[in-house]
Amino acid sequence: MATIKTVGVIGSGQMGNGIAHVAALAGFDVVLNDLSADRLKSAMATINGNLTRQVTKKTITEDAHQKALARITSSESLEGLAGCDLVIETAVEKEEVKRKIFHDVCAVLKPTAIVASNTSSISITRLAASTDRPEKFIGIHFMNPVPVMELVELIRGIATDDETFEASREFVAKMGKQIAVSEDFPAFIVNRILLPMINEAIYTLYEGVGNVEAIDAAMKLGAHHPMGPLELADFIGLDTWLSIMQVLHEGLADSKYRPCPLLVKYVEAGWLGRKSQRGFYDYRGDKPVPTR
Ligand code: NAD
């Protein structure tokens, strides 16, 4: 079986820096790639900050922190990933962007390298078909925030071979994560169930059944959810939710997955949640204030 030692991570946003963090802590060498030196610098600062927090909480030692940081290098170009045994793409949830990345990165990778996508919803079989190695392509879907969440979904495309699946399973297990194996259907398992619930929470707001505070309090206190659905929507990013709802709606051709018009409106306004300081809450002050 292919042994994974060096892992490339394409996209250093909230998911990419988390994946680089947990892979480096587990002893893998990591090459982190993004479009600009500034983004990579900011991702490295985030990783350092999150590792420091783990040291403060005594979940890792200072030695582990420093060793993990030293295992991560960054590269603005895909050529920097040439030596990787596994590459995980975690750029924006846009199929044409991902296809271009796979086309470009496969040209520099060795033929044995495994290529994975952290996509939340796009067909693994279709993405695999856009590469020169569909049998070495797999979905490795991490949850946010990566250093905290225990689960990773593994999704085989129709052509994924057993060796790729087993090497990916071993890679995930080494990072201390649990695996749920999902068939390749839109949004896999977690998001297939979670997204319609969040969308329904937004419809509940849109139809005036409750305001932001009432909806979040209802689900936290009435269903024991650790976060309210609108708080969670802001945390993940409203643009990401919208893209996934669109994939469910189109992929399953069922009107029950229709994205709520209010979600569309927030995204059109650029109110994407925490990352843009405004979503269902306004985060610009000392504490979040509901926007409806
Ligand atoms: P993000 O917007 O925080 O980060 C995306 C990063 O990709 C940015 O830094 C951007 O500069 C970079 N990027 C864009 N095009 C690129 C390219 N051509 N080459 C290299 N880098 C490029 O997004 P995110 O929340 O980290 O999501 C990334 C992926 O992970 C998406 O496919 C998303 O669906 C998936 N995902 C997200 C979550 C979540 O909760 N946010 C959970 C699981 C999976």
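K136 sits in the loop between α5 (124–129) and β6, where helices (H or I, at least four residues) and strands (E, at least two) are DSSP runs numbered from the N terminus. The model is a predicted one, so to speak of local features takes a pLDDT of at least 70, side-chain atom pairs count only at pLDDT 80 or more, and totals for chains, interfaces and linings use all residues. Residues are numbered from 1 along each chain as its sequence is written, and side-chain values use heavy atoms, with hydrogens and water left out.

Back to K136: at 13% relative accessibility this lysine counts as buried, the label for anything under 20% relative accessible area, with exposed meaning over 50% and partly exposed in between (1.4 Å probe, protein chains only). Setting aside neighbours within four places in sequence, K136 is in contact with P111, T112, A113, I114, V115, D161 and T164; contact here means heavy atoms within 4.5 Å.

A few backbone details turn up in other loops. The peptide bond from N144 to P145 is cis, with omega near -5°, and P145 belongs to the loop between β6 (137–142) and β7 (151–156). Positive phi values appear at two non-glycine residues, K58 with phi near 65° and A187 with phi near 70°. K58 is found in the loop between α2 (37–56) and α3 (62–71), and A187 in the loop between β8 (178–182) and α7 (190–206). Their surroundings are another matter: K58 counts as exposed because its relative accessibility is 74%, while A187 is buried at 0%. As for spacing, the C-alpha atoms of K58 and P186 are 39 Å apart, with the two positions 128 residues apart along the chain.

On to the cysteines. A disulfide is a pair of cysteine sulfur atoms within 2.5 Å, and by this rule the count is 0. For C106, the closest cysteine sulfur is that of C84, and at 12 Å it is too far for a bond. C106 counts as buried, given its 6% relative accessibility, and C260 is buried too, with a relative accessible area of 0%.

Zooming out, the protein chain has 11 helices and 10 strands. Its radius of gyration is 19 Å, which agrees with the value near 19 Å for a compact globule of 292 residues; that radius is taken over C-alpha atoms, and the globule rule is 2.2 Å times the number of residues to the power 0.38. Taken along the principal axes, the C-alpha atoms fill a box of roughly 55 × 45 × 35 Å. Of the 292 residues, 47% count as buried. Among contacts with a separation of 6 or more, residues 24 or more positions apart account for 66%.

The surface comes last. The chain exposes about 13,800 Å², with carbon and sulfur atoms supplying 54% of it; accessible areas come from the Shrake-Rupley method with a 1.4 Å probe, and for residues only the protein chains shown count as cover. As for charge, the mean positions of the 31 positive and 36 negative charges are 4 Å apart. Lys and Arg count as positive and Asp and Glu as negative, with His and the chain ends not counted, and each charge is placed at NZ of Lys, CZ of Arg, CG of Asp or CD of Glu.
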